[in-house]
Amino acid sequence: MIFLDNASTTKIFDEVNDTIFNINANDYFNPSALYEPSMKVLQKVKEAKKTIAKILNCNEDNIIFTSGATESNNTAIIGSLTSKKDAEYIFSSGEHPSVYAVANSLKSMGKIVKFLTLNSNGTVDSEELKKMLSPNTHFISIMTVSNETGAINDIENLVKIVKDYNSNIIFHTDAVQAFGKIALNVKQSGVDLLTISGHKFHGPKGVGALYVKNPNKLKPLLLGGGQQNGFRSGTENTSGYIGMALAGEIANNNLQTNFKKIFEFRKYVADEVLKNVGNVIINEAKKNSPYILSLSFKNLRGEVLLHLLEQKGILIGIGSACSSKKAENRVLSQMIDKSYVLGSIRISFSSFNTMEEIKTATKILIETVQELKKKIGVM
Ligand code: PLP
C-alpha cells in the first residue's frame, strides 16, 4: 500500500508511539493531584508546551493544549467574540470546515460576518482584505496553508495590512497544514492566535494546540476544573500532549531536509502528469506547500479515480477529508471551471514516502486516468 493522503492524517513516529506508551504505562498520574508523581507529569506537560513554544518562537504561557485543531479553531473564534453589536468578523472562504462552519454559525447568531473570496490560485487577495477592513472589524481568520491545494497565504503581509489599519483587530491563522512542514514564527508574523494539530505531523490524533498572544483576552471555551491556568479545563491528555511535542520536535528538526525531498516528489508527479495527460489543471499558488498536489481532470470524477487507485494499492484524497462526503467543493469551485471541479484529487506526501513509491504511484495514476478516459470516451 502506498499512502498518499497525508494531509488527512499521518503515520505516527515510532518514537512518539513509544513515548505515549511509556507515559500511559508509568506516568499515568493526574497532573492536578498533589503528590510527587503527579508533579513529575505536570513538569513533563510543561516541557511539552516549551517545545511547541520554541518551535513557534513564543513562551510556554502562550500555548494552550486542546483536543485537536477543531477545538483550537473553535476556541480562537468563539473565545474572541465581543458583545459589541456592530463588530465585524472576516473569514477567508477557503477555510477548513472547523473555521468555516463556526463563521456560518456566527452569521446565524446575527453577527456581521464577511467572507474573502479566493484568487484562481487559491490564496486570498490582500487588496480585497484592505477594502473589507472597517473601524468595526474585530476578528479575522485566514489559514496559512490550504488543506485542499497547499496554497500558502502570505500571513506576515496580511497581518501587517491589518495591524497597520488597527492594531486591536484580532488575527487568527489555522496553521495545521504548515506546522512541522514550513517554518513558522509568531513573533515575526505578528498573529494573535495560531492553530496546530498533532496528527498532521506524525503525532497522535485528538491532540492540538492554540498559540495565544494575549491569553487574558481570550475567553475559554471549556469551563470546569480550571486546568491549564483556567484557559482549558479538563484533565490533561498527558501522553497525547507529550507525544505531540516530540513529533513536533522531530518534524521541525528535519524541516529543510524533508522540504527538499518532498518538493522533488511533488515536482515528479506534476511533471509526469502534465507530460502524459491532457485536460488537467494543477491547482497551485506561486508559493505552494510541496506536501500537497491538487489535480483536476476535465469531465472525470475524483471519487472514481480514488476507488480505482485504491484497488491498485494507492490511497489518495479528493480534497479535505472532512468535506469529502459533500458533492460541492467550496474551495476549488472558486478557482477553476465547473467541468474540472468534480474531477479533482488531492495527493499529499510525507517524509515516510520514498521516491520509488512516488514513481510507482505516478505510473499507476497516469495509466488509470488514461484507461478511465478511454472507457467513458473523454479526451
Ligand atoms: N484545519 C485544517 C487546515 C485541517 O486540514 C484540519 C484537518 O483536516 C483541521 C483543521 C482539523 O483538524 P483536527 O482533526 O485536529 O480537528
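Helices (H or I, at least four residues) and strands (E, at least two residues) are DSSP runs, numbered from the N terminus. The views below show a predicted model, in which local features need pLDDT of at least 70 and side-chain atom pairs count only at pLDDT 80 or more, while totals for chains, interfaces and linings use all residues. Residues are numbered from 1 along each chain as its sequence is written, and side-chain values use heavy atoms, with hydrogens and water left out.

**View 1. Helix 3 packs against helix 4 at an angle of about 35 degrees.**
Helix 3 covers residues 69-78 and helix 4 covers residues 97-108, and their axes are 9 Å apart. Helix 3 contributes Thr70, Asn73, Asn74, Ile77 and Ile78 to the contact, and helix 4 contributes Ser98, Val99, Val102 and Leu106. Contact here means heavy atoms within 4.5 Å. The axes are lines fitted to C-alpha atoms, for helices over the stretch in contact, and angles run from 0 to 180 degrees between N-to-C directions. Helix 3 is largely enclosed by the rest of the structure, because seven of its 10 residues are buried. Buried means under 20% relative accessible area, exposed means over 50%, and partly exposed lies in between (1.4 Å probe, protein chains only). The buried residues of helix 3 are Ala69, Glu71, Ser72, Asn73, Thr75, Ala76 and Ile77.

**View 2. Asn73 of helix 3 is joined to Thr195 by a side-chain polar contact.**
Asn73 lies in helix 3 and counts as buried, with 0% relative accessibility. The polar contact between the side chains of Asn73 and Thr195 is 2.7 Å long. Such a contact is a pair of N or O atoms within 3.5 Å; within protein, one must be able to donate a hydrogen and the other to accept it, and residues adjacent in sequence count only if both atoms are side-chain atoms. Leaving out residues up to four places away in sequence, Asn73 touches Ser98, Val99, His172, Asp174 and Thr195. Ser98 and Val99 are also among the residues through which helix 4 meets helix 3.

**View 3. Ala76 is another buried residue of helix 3.**
The place of Ala76 is in helix 3, and its relative accessibility is 0%, so it counts as buried. Apart from neighbours within four places in sequence, Ala76 is in contact with Phe139, His172, Leu193, Leu210 and Leu218. Ser239 is 163 residues from Ala76 along the chain, and the C-alpha atoms of these two residues are separated by 24 Å.

**View 4. Thr82 sits in the loop between helix 3 and strand 3 (88-92).**
Thr82 has 14% relative accessibility and therefore counts as buried. A polar atom of the Thr82 side chain lies 3.1 Å from the backbone nitrogen of Lys84. Not counting residues up to four places away in sequence, Thr82 touches Ala87, Tyr89, Lys111 and His138.

**View 5. The ligand has 14 residues around it.**
Thr70, Asp174, Gln177, Ser197 and Lys200 come nearest to the ligand. A residue is near a molecule or strand if one of its heavy atoms lies within 4 Å of it. An N or O atom in the side chain of Thr70 is 2.6 Å from an oxygen atom of the ligand. A polar side-chain atom of Gln177 lies 2.9 Å from a ligand oxygen atom, and for Lys200 the corresponding distance is 2.6 Å. Thr70 also belongs to the contact of helix 3 with helix 4, and Asp174 is one of the residues touched by Asn73.

**View 6. Val124 is placed in the loop between strand 4 (112-116) and helix 5 (126-132).**
With a relative accessibility of 7%, Val124 counts as buried. Beyond residues up to four places away in sequence, Val124 touches Ser92, Leu116, Thr117, Leu118, Asn119, Ile142, Asn153 and Leu158. Ile345 is 221 residues from Val124 along the chain, and their C-alpha atoms are separated by 22 Å.

**View 7. Gln228 has a positive phi although it is not a glycine.**
The phi of Gln228 is about 50 degrees. Gln228 is in the loop between strand 8 (208-212) and helix 8 (238-253). Its relative accessible area is 9%, so Gln228 is buried.

**View 8. Asn299 also has a positive phi without being a glycine.**
The phi of Asn299 is about 60 degrees. Asn299 is found in the loop between strand 10 (292-297) and helix 10 (302-311). Asn299 is partly exposed, with a relative accessible area of 44%.
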